Amino acid sequence: MEKVYFVDTTLRDGEQAPGVAFSVIEKVCIARMLDQLGVSQIEAGVPAMGSPEIEAVAAISRLRLNAVVSTWNRMVIGDIKASLACGVKNTHITLPASDIHIKHKLRKDRFWVIESMRRVVSYAKEHGCNVTVGLEDASRADLDFLIQLAGQARREGASRLRFADTVGMLEPFRTRQVIELLAAETGIDIEFHGHNDFGMATANTLAAYKGGAKYLSTTINGIGERAGNCSFEEAVAALNHFEKLGLGFDNKLLKQLCYYVGKAAGRATSAVYGPEIVVAN
Ligand SMILES: CC(=O)SCCNC(=O)CCNC(=O)[C@H](O)C(C)(C)COP(=O)(O)OP(=O)(O)OC[C@H]1O[C@@H](n2cnc3c(N)ncnc32)[C@H](O)[C@@H]1OP(=O)(O)O
Ligand SMILES: CC(C)C(=O)C(=O)O
């Protein structure tokens with residue numbers, strides 16, 4: 001059985017859900033509960049955003065959790081400096097992968113992406129960071145360019161590649177195919193990060209696992225930008241049911257965490273746990 005690692009992004013992408021802003025105390029509580037639950041990694045935030053994000057990330061990093069605590073960064077040296085200042089050395093660096101993002105969002109070209117990635121990844125490595133690289137909008141990117149980026153990231157010392165279905169436009173058959181291909185062509189560990197615009201985030205995450213992604217990016221209650229992300233509790237239930245993984249997360253604690261995040265986010269809790277609605281204070 002292939003081991004699976006959950007990379008929780010409730011505190012980063014979860015907080016990008018419309019109307020959600022956790023307090024520092026709520027973030028620390030959520031991080032503690034995620035750690036108690038046994039997730040492998042907690043993406044704690046974006047230090048480049050400044051205070052109070054820095055305060056929250058630094059406080060979480062000081063907890064000395066069993067989970068790896070990481071930060072989200074652009075290919076900007078200042079972002080890495082901000083992460084280091086929070087005491088975090090697990091840096092996730094995101095690069096635009098599709099031409100839509102490269103040309104129309106950032107007004108750059110592919111050469112700029114490769115050179116910026118080399119510069120910022122090597123800066124982070126020189127400062128003792130473990131680096132993972134994220135391919136934003138990978139599902140709309142040219143596959144040959146993805147393979148080129150993955151190879152370059154690996155040569156620069158990145159330990160993992162995050163494939164982001166940023167606008168949630170994959171379906172499970174394509175997801176499995178593309179992850180299998182990327183894994184075979186690059187040999188680098190792959191994390192899948194799915195969005196739920198067509199209601200397929202959980203199905204796509206399951207398909208990515210079947211295609212060879214050992215790292216799965218999820219959020220509690222599936223909260224996240226626009227329609228949200230893959231929900232942790234749905235992914236665990238699906239992997240246990242369909243893949244017989246026997247992931248032994250403590251259901252009582254998970255339920256408490258779902259309620260806590262739902263209340264802090266002013267959202268309904270996950271469908272997995274029934275119809276109760278949690279209303280914000
Ligand atoms: C799909 C996603 O979920 S991506 C994650 C999104 N999350 C966030 O962005 C967190 C919220 N963001 C913020 O608070 C702000 O955008 C900050 C603090 C990160 C940056 O703020 P600012 O420095 O004011 O920049 P702004 O928001 O305008 O960002 C655009 C700049 O980032 C650059 N940029 C965006 N993405 C990247 C990237 N992956 N790598 C390098 N540069 C990037 C743009 O080229 C632009 O640079 P320019 O100012 O030189 O033209
Ligand atoms: C930047 C990343 C990982 C993201 O949240 C996305 O692309 O959806």
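Helices and strands here are DSSP runs, numbered from the N terminus. On that footing, in this predicted model, residues 4–255 come out as 45% helix and 18% strand. The C-alpha atoms at the two ends of that stretch sit 21 Å apart. The stretch itself is taken from UniProt, where an unreviewed entry lists residues 4–255 as "domain: Pyruvate carboxyltransferase".

Strand β5 (130–136) is a good place to start on the sheet. Six of its seven residues are buried, so β5 is largely enclosed by the rest of the structure. On one hand it pairs with β4, in the parallel sense and over seven bridges; in this pairing Val-131 of β5 has Thr-91 opposite it. On the other hand, β5 runs parallel to β6, and four bridges join the two. Here Leu-135 is partnered by Phe-163 in β6. To get from β5 to β6 the chain passes through helix α6 (residues 143–156), making a right-handed β-α-β crossover.

Much the same kind of description can be given for strand β8 (residues 215–218), which is covered on both faces. Side chains in a regular strand alternate between the two faces of the sheet. In β8, Tyr-215 and Ser-217 lie on one side, Leu-216 and Thr-218 on the other, and all of them are buried. Strand β1 (residues 5–8) pairs with β8 in the parallel sense through four bridges, with Phe-6 standing opposite Leu-216. Strand β7 (residues 189–194) also runs parallel to β8, and three bridges link them; Glu-191 faces Tyr-215 in that pairing. The connection from β7 to β8 goes by way of helix α8 (residues 201–211), and this β-α-β crossover is right-handed.

Turning to the ligands, 15 residues surround ligand 1, and the ones that come nearest are Ala-48, Met-49, Arg-74, Met-75 and Leu-106. By character, the shell splits into eight nonpolar, three polar and four charged residues. Strand β4 (residues 90–96) makes the largest contribution to it, with three residues.

Ligand 2 has a shell made up of Asp-13, Thr-94, Gly-134, Glu-136, Arg-162, Ala-164, Thr-166, His-193 and His-195. Just one of these residues is nonpolar, while five are polar and three charged. The paired strands β5 and β6 turn up again at this site, as β5 (130–136) and β6 (160–165) each supply at least two residues of the shell.

Two acidic residues in helices round off the picture. Glu-53 belongs to helix α2 (residues 53–62). With 20 or more other C-beta atoms within 10 Å as the cut-off for burial, Glu-53 counts as buried because it has 22. Setting aside residues up to four places away in sequence, Glu-53 touches Gly-45, Val-46 and Pro-47. Its C-alpha atom is 9.8 Å from that of Cys-86, which is 33 residues away along the chain.

Asp-79 is part of helix α3 (residues 77–85). Asp-79 is likewise buried, because 22 C-beta neighbours fall inside 10 Å. Leaving out neighbours within four places in sequence, Asp-79 is in contact with Ala-48, Asn-73 and Arg-74; of these contacts, Ala-48 and Arg-74 are among the residues that come nearest to ligand 1. Between the C-alpha atoms of Asp-79 and Lys-244, 165 residues apart along the chain, the separation is 40 Å.

How values were computed
Residues are numbered from 1 along each chain as its sequence is written. Chains are lettered from A and ligands numbered from 1 in the order in which they are written. This is a predicted model: local features need pLDDT of at least 70, side-chain atom pairs count only at pLDDT 80 or more; totals for chains, interfaces and linings use all residues. UniProt positions are given in the numbering used here, feature names are shortened, and annotations may be inferred rather than shown by experiment. A residue is near a molecule or strand if its C-beta atom, placed from the backbone, lies within 6 Å of it. Ala, Val, Leu, Ile, Met, Phe, Trp, Tyr, Cys and Pro count as nonpolar, Asp, Glu, Lys and Arg as charged, and the others, Gly among them, as polar. A residue is buried if 20 or more other C-beta atoms lie within 10 Å of its own, exposed if 12 or fewer, and partly exposed in between; C-beta atoms are placed from the backbone. Two residues are in contact if their C-beta atoms, placed from the backbone, lie within 7 Å. Two strands pair if DSSP finds at least two bridges between them. A crossover is right-handed if, with the strands pointing away from the viewer, the path from the first strand over the helix to the second runs clockwise.
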